[in-house]
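Grab your viewer and work through these exercises with the model open. Try each task yourself before you read the solution.

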Amino acid sequence: MRGSQENHARSLLARFDDGALVAPEELPEALIIVFDSDLRFTLVAGHALARQADPSIFQEGHAISEAFPAELWERIEPLFRSALEGETRSRRIRTVDGRHSLTIDIGPLGLGAPEKPATIAGGVAVVLDVSKAEPAEQPEPSPLSSREHFEQVFERAPIGTGLLDQEGRWVLVNKALCEITGYTSQELIGKRFQEITHPEDAGNDAIRREQLLKGEISAFQSEKRYVNAAGETMSAIISTSLVRDQQDNPLHFILQIQDISERKQLEEHLRHLADHDPLTGLRNRRLFEHDLKLQIGRCHRYGEEAALIVIDLDSFKQVNDLHGHKVGDDALKIVAKTLTRRLRTTDLLARLSGDEFAVLLPHVDREGAEIVTQDIMRVIESSSVDTGETVVHLSGSAGFALIEKHTLSDEDAFVQADRAMYAAKRARTGALRPR
């Protein structure tokens with residue numbers, strides 16, 4: 001942080017606590033209250049454990065005094081009042097029933113320059129249940145340590161959290177956010193959030209953000225990709241809310257960032273497993289049929305031409321019977337690699353089942369389909385498997401069907417391609433193997 005930016009961030013840190021920005025399930029022992037100068041709720045987040053009354057009271061516009069038992073409110077009201085005088089206070093108390101030990105940190109929320117606010121608009125209170133973490137009997141923290149306590153809560157929050165000004169620049173970030181993005185706090189402060197957002201996702205929350213500014217929604221979530229300090233593209237869930245002043249004018253955006261890159265990678269891996277053949281890595285029948293239906297739709301709508309090629313290896317059962325399934329699997333993988341090298345990157349290759357393969361050729365006419373079909377049979381014939389004792393030479397039969405605006409369906413295209421493939425097999429081997 002530098003100059004006024006550093007002072008701004010430290011001032012904000014005295015008034016905002018990360019616990020206020022963390023979802024209740026992420027920081028269950030925290031209760032965060034943003035209040036106005038009339039001591040009414042403007043924003044509440046946290047767990048009901050620290051709420052000693054009906055949770056429905058903890059809503060915007062309700063008086064804070066209604067939310068706590070009279071005996072408890074009598075002890076903490078001076079803290080709230082002192083925030084309206086520009087002071088930051090901290091106190092440890094026990095609940096009326098004596099079951100919980102709470103720490104309450106309260107700071108002012110001002111308008112104008114952060115270093116010298118012209119008006120105190122309200123304040124922020126952070127209530128933490130520390131019953132499990134610390135003994136019940138412990139001296140109250142000194143008022144001099146209040147800011148340090150705010151900083152500790154902010155820095156230890158498990159979710160990357162930060163504040164943006166109305167121009168979208170970071171004015172406050174915590175340690176978790178720096179770890180997620182790979183940037184230091186000095187690098188982030190003053191930088192626009194859009195500068196680390198993937199360009200394709202920069203405006204994917206524009207409508208929700210406008211609704212937030214208009215007060216139509218109180219918060220929203222969006223999924224964005226961002227570019228970390230190492231230049232890698234990551235994925236995150238962004239929770240966005242807004243702090244307003246007493247006149248309901250927007251002050252700062254509050255962002256919570258959860259890195260979901262590992263989850264997205266797992267989802268992609270599971271999706272790949274569902275759509276691809278585990279042996280060869282090619283598309284499986286389910287995905288290929290989906291792609292074929294899409295191509296037929298484009299042919300009907302835009303008049304495109306394409307071709308479907310069906311491929312069947314010759315005498316493959318004998319390869320398995322004579323040499324074992326390991327050699328058979330190696331043969332299938334070799335054929336998959338051979339065909340991949342022969343085809344264009346825009347062509348779609350799949351293993352349908354057993355020794356059956358299929359190819360979808362977009363933007364090709366009959367002459368082009370015939371050439372590719374003949375080349376496929378030729379390159380398969382050039383393939384072989386070395387078993388260690390002998391070399392198994394492979395061969396295959398292939399036939400194609402044109403796909404155009406008159407093609408009825410994917411089933412119709414498969415029937416026509418199958419007939420052409422078996423005709424080629426009869427011509428090559430004189431034996432028709434039932435499908």
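**Exercise 1. Find which residue in strand 7 stands opposite Leu164, then work out how strand 6 is connected and covered.**

Step 1. Leu164 stands opposite Trp170 in strand 7. Strands here are DSSP E runs of at least two residues and helices are H or I runs of at least four, numbered from the N terminus. This is a predicted model, where local features need pLDDT of at least 70, side-chain atom pairs count only at pLDDT 80 or more, and totals for chains, interfaces and linings use all residues. Residues are numbered from 1 along each chain as its sequence is written, and side-chain values use heavy atoms, with hydrogens and water left out.

Step 2. Strand 6 and strand 7 (residues 170-173) run antiparallel, joined by 3 bridges; pairing takes at least two DSSP bridges between two strands. The two strands make a hairpin with 5 residues between them, and Gly168 in the turn has a positive phi of about 85 degrees.

Step 3. Now for the other partner: strand 6 also pairs with strand 10 (residues 250-259), antiparallel, over 5 bridges. Gly162 has Leu255 as its bridge partner there.

Step 4. Check the cover. In strand 6 (residues 160-164), 5 of the 5 residues are buried, meaning under 20% relative accessible area, with exposed over 50% and partly exposed in between (1.4 Å probe, protein chains only). Gly160, Gly162 and Leu164 lie on one side, with Thr161 and Leu163 on the other.

**Exercise 2. Work out the strand order of the open sheet of 4 strands, and say why one side of strand 12 and of strand 16 is left without a neighbour.**

Step 1. The order is 12-13-11-16, with antiparallel pairing. Strand 12 (348-353) and strand 16 (396-403) are at the edges and have a single partner strand each, so one side of each lacks a neighbour in the sheet. From one strand to the next, the twist averages 20 degrees.

Step 2. Inside the sheet, strand 11 (residues 306-313) and strand 13 (residues 356-362) pair over 7 bridges. Val310 has Ala358 in strand 13 as its bridge partner.

Step 3. Add the helix: helix 10 (residues 325-342) packs on the sheet and touches strand 11, strand 12 and strand 13. Contact is heavy atoms within 4.5 Å. The helix direction makes about 160 degrees with that of strand 12; axes are lines fitted to C-alpha atoms (for helices over the stretch in contact), and angles run from 0 to 180 degrees between N-to-C directions.

**Exercise 3. Is Leu273 buried or partly exposed?**

Step 1. Leu273 sits in helix 7 (residues 261-275). Its relative accessible area is 46%, so Leu273 is partly exposed.
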